[in-house]
Amino acid sequence: MVTKILPAGNLQAWLDSLVAAYEVYAPVEGDGASTFKKINKGQMPAMDIRTDTPPKGLIFKQVEKILSFEVNPDGITVIPGDENGTKKIVFGIRPCDSRSFTLTDKPFFDPELPENQYMGHRNASALVTTACTSACRTCFCTSIGGAPDEKTGDVWMMDIDGKYLVESLTGKGEELIKANEALFSDASADDEAAAKRIGEEVASSMPKLNIADAKALDGLFNDDAFWQKLTDKCLSCGACTFVCPTCYCFDVRDEGNTRKGERYRGWDSCMFYQYNRAAGGHNPREFHWKRMRQRMLHKFSYFPEKYGDIDCVGCGRCIRSCPVSYDLRDFLEGSLAVTGAAPVGFEKELSDVDEKVRTCEIKPADETVKTGGL
Ligand code: SF4
Ligand code: SF4
């Protein structure tokens with residue numbers, strides 16, 4: 001693996017070289033929402049923003065044909081879904097979003113039930129991660145095992161004052177640097193020390209939440225009053241799930257007829273009544289608080305029990321996008337209080353909440369962040 005310096009003035013040349021060989025997606029400001037979009041030669045991405053929507057859909061497509069079939073005299077012909085081997089680079093992805101793919105890999109790369117479409121997109125993609133040199137008021141990656149300078153993806157880079165420290169983390173990442181070697185120079189021990197210092201400063205500016213362990217949270221399942229209070233104002237709109245980089249609920253639909261047709265996979269949301277309704281009309285999660293319970297326990301109890309990691313990366317998007325200001329940090333604090341020992345402002349009203357804590361505004365270094373409260 002190689003560690004190099006890329007002068008900021010060479011970033012466009014590196015991007016242009018990558019654009020010539022791959023589809024490159026990077027953070028772009030939009031009309032109303034920032035997101036990841038395909039960039040063209042000469043286009044500089046918005047390197048300093050946290051996008052409103054994650055790059056999830058570049059690999060776990062919002063709608064995707066997974067197969068088509070035709071009944072013929074010899075049996076059934078099944079044709080695999082859309083082309084998924086196009087080589088692409090997701091450039092400028094934040095460590096939390098990069099980490100999110102390693103989590104979604106766990107169910108989709110499951111050897112007993114591999115999901116070929118997802119695996120195809122994932123294997124054909126390279127992630128170039130940009131470490132964070134500041135934190136939003138809603139960020140809490142350090143509380144769930146991440147870090148603003150976490151080395152994840154295929155290439156990791158950090159802006160260290162007018163130049164980037166760039167490190168390849170995989171063979172795929174090394175190729176992206178080696179093919180453009182003339183743009184880079186050698187990194188010094190001072191450069192690496194500067195990056196380490198910045199990472200530590202940003203991490204120390206973020207609140208550290210304590211989280212009840214997966215088994216303790218299981219014990220909350222039957223505490224209906226807890227879930228009802230937590231979910232009091234939820235509209236079941238599903239916004240939190242669509243902006244979440246780690247949510248991966250999906251629906252499968254068949255189009256066509258019994259002789260010939262196509263099968264599509266599309267994003268869905270466990271917060272929707274219809275998602276939970278079973279054949280025959282019974283709905284085991286008929287109330288919004290039961291669906292919230294499912295979402296929270298899936299992320300913080302069931303997924304870690306099965307795969308060993310919390311299925312949340314602390315990006316804070318669900319907090320910023322909820323129309324009624326549901327704050328995931330209240331669940332984390334509240335559940336700890338109920339299952340363990342921590343005191344919590346569980347009785348606070350929304351009117352007490354400083355709206356600033358729900359924005360991606362960068363927090364001044366000396367300001368203590370308070371979380372919301374119910
Ligand atoms: S975004 Fe808010 S209101 Fe909508 S489903 Fe999520 S928690 Fe409920
Ligand atoms: S649950 Fe919220 S904070 Fe966690 S990864 Fe999803 S959007 Fe980000």
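**Domains, sheets and ligand shells**

Visitor: In this model, 33 residues of domain 1 are in contact with how many residues of domain 2?

Guide: This is a predicted model, in which local features need pLDDT of at least 70 and side-chain atom pairs count only at pLDDT 80 or more, while totals for chains, interfaces and linings use all residues. Residues are numbered from 1 along each chain as its sequence is written, and chains are lettered from A and ligands numbered from 1 in the order in which they are written. A contact requires that two C-beta atoms, placed from the backbone, lie within 7 Å. On that criterion, the 33 residues of domain 1 meet a set in domain 2 that numbers 29.

Visitor: Which element gives the largest share of the side of domain 1 that touches domain 2?

Guide: Strand 4 (63-72) and helix 2 (95-108) are the elements that give two or more residues to this side; elements are DSSP runs numbered from the N terminus, helices being H or I of at least four residues and strands E of at least two. Nine residues, the largest share, come from strand 4.

Visitor: What separates the centres of domain 1 and domain 2?

Guide: The chain is divided into domain 1 (3-204) and domain 2 (214-358), with bounds from an automatic or database domain assignment. Taken over C-alpha atoms, their centres are separated by 26 Å.

Visitor: Which strands are the edge strands of the open sheet of eight strands?

Guide: The order in this sheet is 3-2-6-7-8-9-1-10, with mixed pairing, where two strands pair if DSSP finds at least two bridges between them. At one end, strand 2 (residues 23-28) joins strand 3 through four antiparallel bridges, and V28 has T35 as its bridge partner. The strands that pair on one side only are strand 3 (35-38) and strand 10 (185-186).

Visitor: Why is strand 9 largely enclosed by the rest of the structure?

Guide: Strand 9 pairs with strand 1 in the antiparallel sense over five bridges, and five bridges also join it to strand 8 in an antiparallel arrangement. Helix 4 (residues 171-178) packs on the sheet, touching strand 9 (163-168) among others. A residue is buried if 20 or more other C-beta atoms, placed from the backbone, lie within 10 Å of its own (12 or fewer: exposed; in between: partly exposed). Strand 9 is largely enclosed because, of its six residues, the number buried is five.

Visitor: What is the bridge partner of V252 in strand 12?

Guide: Four strands form a second open sheet, antiparallel in pairing, in the order 5-4-12-11. Its edge strands are strand 5 (75-80) and strand 11 (250-256). Strand 11 is joined to strand 12 (residues 260-267) by seven bridges. In strand 12, V252 is partnered by R265.

Visitor: How many charged residues are in the shell around ligand 1?

Guide: The shell includes C234, C237, C240 and C322, where a residue is near a molecule if its C-beta atom, placed from the backbone, lies within 6 Å of it. Ala, Val, Leu, Ile, Met, Phe, Trp, Tyr, Cys and Pro count as nonpolar, Asp, Glu, Lys and Arg as charged, and the others, Gly among them, as polar. The shell has 10 nonpolar residues and two polar, and the charged count is no residues.

Visitor: Which residues come nearest among those around ligand 2?

Guide: The shell around ligand 2 divides into eight nonpolar, three polar and two charged residues. Of its 13 residues, the nearest are C244, C312, C315, R317 and C318.

Notes
Axes fitted to C-alpha atoms, helices over the stretch in contact; angles between N-to-C directions.
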